[in-house]
Amino acid sequence: MSTISKLADEERLIKFDCELEGSAQPQRLIYAHPRVANFVENELPNVESLYPENTTSPAEQLDEIFHQFCSGGNINVAGAASWMHAGHDQEELKELRCEPRDVWEFKTQDLRIFGWFHTPDIFIVSNISMKSQLEQYAGEAGRDLYPRICAEAINFRGLLGLEDCPRPTYQEISNGLQN
């Protein structure tokens with residue numbers, strides 16, 4: 001069976017390094033498909049928001065949500081008890097309704113970040129899509145891309161040899177993201 005560190009050594013997964021304050025160490029880790037890492041490094045910095053109300057670029061939004069995750073900050077999980085969302089008006093993470101489950105979506109104003117939790121403190125990104133592109137495709141073609149994106153995540157997990165690894169439950173993830 002593959003391990004995350006072995007997959008990173010083989011560059012089948014790319015670890016995202018979040019810049020934290022001072023000498024702080026990451027509380028959670030994010031890895032990604034090499035294609036995703038290439039998109040983040042080479043394309044995302046040139047992408048602008050299509051929503052005039054957004055004051056941050058998609059790249060800044062990604063940095064913010066990854067920093068929040070890696071630093072151990074609270075992440076608002078869809079479906080979690082309402083007391084967990086006190087003072088927050090947006091859910092930042094939800095489990096997608098595809099079979100088999102265990103595919104999750106982080107949300108920013110412009111981005112949808114798809115993947116799964118290897119453990120409650122390790123998230124593996126299989127796809128990053130622009131919200132506007134998902135909406136445009138659904139509107140023009142009348143097709144939902146989410147089933148394909150879920151299948152892509154599940155296939156990637158299998159190709160990495162991680163499909164048979166026990167994954168954390170919704171409750172374990174939700175509890176692990178609340179401080």
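Two strands pair if DSSP finds at least two bridges between them. Helices (H or I, at least four residues) and strands (E, at least two) are DSSP runs, numbered from the N terminus. This is a predicted model, in which local features need pLDDT of at least 70, side-chain atom pairs count only at pLDDT 80 or more, and totals for chains, interfaces and linings use all residues. Residues are numbered from 1 along each chain as its sequence is written, and side-chain values use heavy atoms, with hydrogens and water left out.

Strand β1 (residues 14-16) pairs with strand β2 (residues 29-32) in the antiparallel sense, over 3 bridges. Here Ile14 stands opposite Ala32 in β2. β2 also pairs with strand β6 (residues 122-130), in the parallel sense and over 4 bridges. Tyr31 stands opposite Ile124 in β6.

Glu11 lies in the loop between α1 (4-9) and β1. Its phi is near 60°, a positive value in a residue other than glycine. Glu11 is exposed (over 50% relative accessible area, 1.4 Å probe, protein chains only), with a value of 57%.

Asp110 sits in another loop, between β4 (104-107) and β5 (111-119). Asp110 is buried, meaning under 20% relative accessible area. Asp110 has no salt bridge, that is, no side-chain nitrogen of Lys or Arg within 4 Å of a carboxyl oxygen of Asp or Glu. The nearest side chain of opposite charge, Lys131, is 7.3 Å away. The side chain of Asp110 does make a polar contact with the side chain of Gln61, at 2.6 Å; such a contact is a pair of N or O atoms within 3.5 Å, where within protein one must be able to donate a hydrogen and the other to accept it, and residues adjacent in sequence count only if both atoms are side-chain atoms.

Conventions
Lys, Arg positive; Asp, Glu negative; His and termini not counted.
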